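Here is a friendly briefing to read alongside the model. Keep the viewer open and follow the topics in whatever order suits you.

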Amino acid sequence: MTTKPTTTIRIDPDVKKRAGAVFDDIGISMSAAITTFLKAVIREGTMPFEIKSDRPKPSTNPVNAKLNHAFIVKKDEFYTQYEDVEKEMLNHQKKLKGKTILCNCDDPFESAFFRFFVIHFNRIGLAGLMSTCYAGSQMAGREYPLEGEAGAYKAIVTEVPDDGVMRPDGSLDLESLFAMSGNSLMYLVGDGDFRSDECTALLTEADIVATNPPFSLFREFIELLVNHKKEFIILGNMNATTTKEIFPLFRDNKVFYGESIRSGDRKFFVPDSYPLNATGCGLDENGRRFIRVTGVRWFTNLKTSKRRKPLELTCRYSPDEYPRYENYDAIEVGRTQNIPNDYDGVMGVPITFLDKYSPDQFEIIMLANGNARTNVPPKTLSKVKYRPHPEDRGGVGIINGQRSYARILIRRKF
Ligand SMILES: C[S@@+](CC[C@H](N)C(=O)[O-])C[C@H]1O[C@@H](n2cnc3c(N)ncnc32)[C@H](O)[C@@H]1O
């Protein structure tokens, strides 16, 4: 009997384990399998199979939701809770009827937006639902991992069975959904960036965009929607409100806060790699990692009911209680609820005023912050009689020589 020499090869333990399970099924040993492979190499004079990248070709291939998905570590990965989406969207049901919705930062298998619109597709009477995922997402493919390397894909839904696709355990039977002839799940050519040509082509087809875009790209995202003249209902942080791109939209009544979320913090799911010791981070009862974020608001250009409801004003103006700014022809109103009901001039109110803003009641003139001198048109600055003050750092209101906070300058409508 000849003794074969022992050869040591390095194999990734996980690869070894998974391949071993296949060989067990077939009934051959690992050693026999490797010998068979090496003999095939000798016989063919090359690798005995074609070697190609796992990444699927940009095509109309249906996605095989079976194998693994690699993730790129990335921030901007706060995933909205279903309850938050539902609460807001149910307020807009009538406006959504007959419309095609685009969720363009949303893995259909993870997104509460996609889930909401599938569940309510027939009840609302949607014409269609499109959703794209981003290849860089840490969550994409987590529930229904995709075959191959991390790739972006798009889901198109034009029909949902009358009895829905909800399984008894509450999950959506998306395999059945995508098996319907009017629906599809396809790879995208690129990485699913909402600015890419193929994603903006979907945007062109859509009527309304509903999503929670990456916080770091929020301004760019909203600008894209405005430039495409799309309706939208998107989640963002109110910090974005005072930026030079977004504040003019509020001023010109092109964007409002939505119907729900006016205070407090919201819970968002985060990937498991998110540091648990980060402020506001915790684990829910199912072991899912979440973070609490303050200052979250819906931003929308859909008509909302709240913005038409005037604020009840109970305070009366007195020069003692409402000091004048030294650099603006306006009075300081430290709290929105203290806006006097008998003052006709310009008033500086906190940014949180936007939570209560009704365009029928008030006109927004400008934002008096450190960028006012550069961002506000000179005509507007002269309208409020702005005169630079050595302490105003670009346009913050000054009272008794002291800088106030950033304020929105408003005037009552009559
Ligand atoms: C704040 S998360 C919200 C995810 C989902 N919309 C939700 O609310 O649960 C933003 C998502 O946008 C994805 N994303 C990041 N950069 C993107 C880009 N340039 N284009 C499209 N999506 C992007 C992230 O991977 C992440 O999945």
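Two strands count as paired if DSSP finds at least two bridges between them. By that rule S10 and strand S11 (residues 289-294) are a pair, because 3 bridges join them, and the two run antiparallel. Please bear in mind that this is a predicted model. Its chain has 414 residues, of which 33% count as buried, and it contains 12 helices and 18 strands.

**Overall picture**

- Among the contacts in the chain with a separation of 6 or more, 71% are between residues 24 or more positions apart.
- The largest nonpolar core has 87 residues, and at least three of them come from each of domain 2 (79-306) and domain 3 (309-412).
- Within this core, the residues that touch the most other members are Ile101, Phe117, Val209, Ala210, Leu409 and Ile410.
- Another core lies apart from it and has 5 residues, including Phe78, Tyr79, Val270 and Ile291.

**Around the ligand**

- The shell around the ligand is made of 22 residues, and those that come nearest are Thr80, Cys105, Tyr134, Ser137 and Asn212.
- Sorted by class, this shell holds 10 nonpolar, 7 polar and 5 charged residues.
- Strand S1 (79-80) and helix H5 (112-119) are each the source of at least two shell residues.

**The sheet of 4 strands**

- This open sheet has antiparallel pairing and follows the order S1-S9-S11-S10.
- S1 and strand S10 (281-283) are its edge strands, each pairing on one side only.
- S1, one of these edges, is also the strand that supplies at least two residues to the ligand shell.
- Between S10 and S11, Cys281 has Ile291 as its bridge partner. Ile291 is also among the residues of the 5-residue core.

**The sheet of 8 strands**

- The second open sheet to look at has mixed pairing, with the order S5-S4-S3-S2-S6-S7-S12-S8.
- Its edges are strand S5 (184-187) and strand S8 (256-257), and each pairs on one side only.
- Inside that order, strand S3 (residues 128-132) and strand S4 (residues 153-157) are antiparallel and share 4 bridges.
- To find this pair in the viewer, start from Thr132, whose bridge partner in S4 is Lys154.

**Strand S18 and its partners**

- Strand S18 (residues 407-412) runs antiparallel to S14, with 4 bridges joining the two.
- S18 also pairs in the antiparallel sense with strand S15 (residues 362-368), over 6 bridges.
- Which residue of S18 is the bridge partner of Gly348? The partner is Leu409.
- On the S15 side, Ile364 is bridged to Ile410 of S18.
- Leu409 and Ile410 are both listed among the core residues that touch the most other members.
- Setting aside its neighbours within four places in sequence, Leu409 contacts Tyr328, Ala330, Val346, Gly348, Ile365, Met366, Ala368 and Val384.

**Val333, a buried loop residue**

- Val333 sits in the loop between strand S13 (330-332) and strand S14 (346-349).
- Is Val333 buried or exposed? Val333 is buried because 24 other C-beta atoms lie within 10 Å, and the cut-off for a buried residue is 20 or more.
- Beyond residues up to four places away in sequence, Val333 touches Tyr322, Asn338, Ile339, Met347, Gly348 and Val349.
- Gly348 is thus a shared neighbour: Val333 touches this residue, and Leu409 is in contact with it too.
- Glu321 is 12 residues from Val333 along the chain, and their C-alpha atoms are separated by 8.7 Å.

**Two lysines with positive phi**

- As background, most residues other than glycine have a negative phi.
- Lys229 has a positive phi, near 55°, and is placed in the loop between helix H9 (218-227) and strand S7 (231-237).
- Lys229 is exposed, since it has 7 other C-beta atoms within 10 Å and 12 or fewer counts as exposed.
- Lys385 also has a positive phi, near 55°, and lies in the loop between helix H12 (378-383) and strand S16 (398-399).
- Lys385 is exposed as well, with 12 other C-beta atoms within 10 Å.

Definitions and conventions: Residues are numbered from 1 along each chain as its sequence is written. This is a predicted model: local features need pLDDT of at least 70, side-chain atom pairs count only at pLDDT 80 or more; totals for chains, interfaces and linings use all residues. A residue is near a molecule or strand if its C-beta atom, placed from the backbone, lies within 6 Å of it. Ala, Val, Leu, Ile, Met, Phe, Trp, Tyr, Cys and Pro count as nonpolar, Asp, Glu, Lys and Arg as charged, and the others, Gly among them, as polar. Two residues are in contact if their C-beta atoms, placed from the backbone, lie within 7 Å. A nonpolar core is a set of buried Ala, Val, Leu, Ile, Met, Phe, Trp, Tyr and Cys residues joined through C-beta atoms within 7 Å. Domain bounds come from an automatic or database domain assignment.
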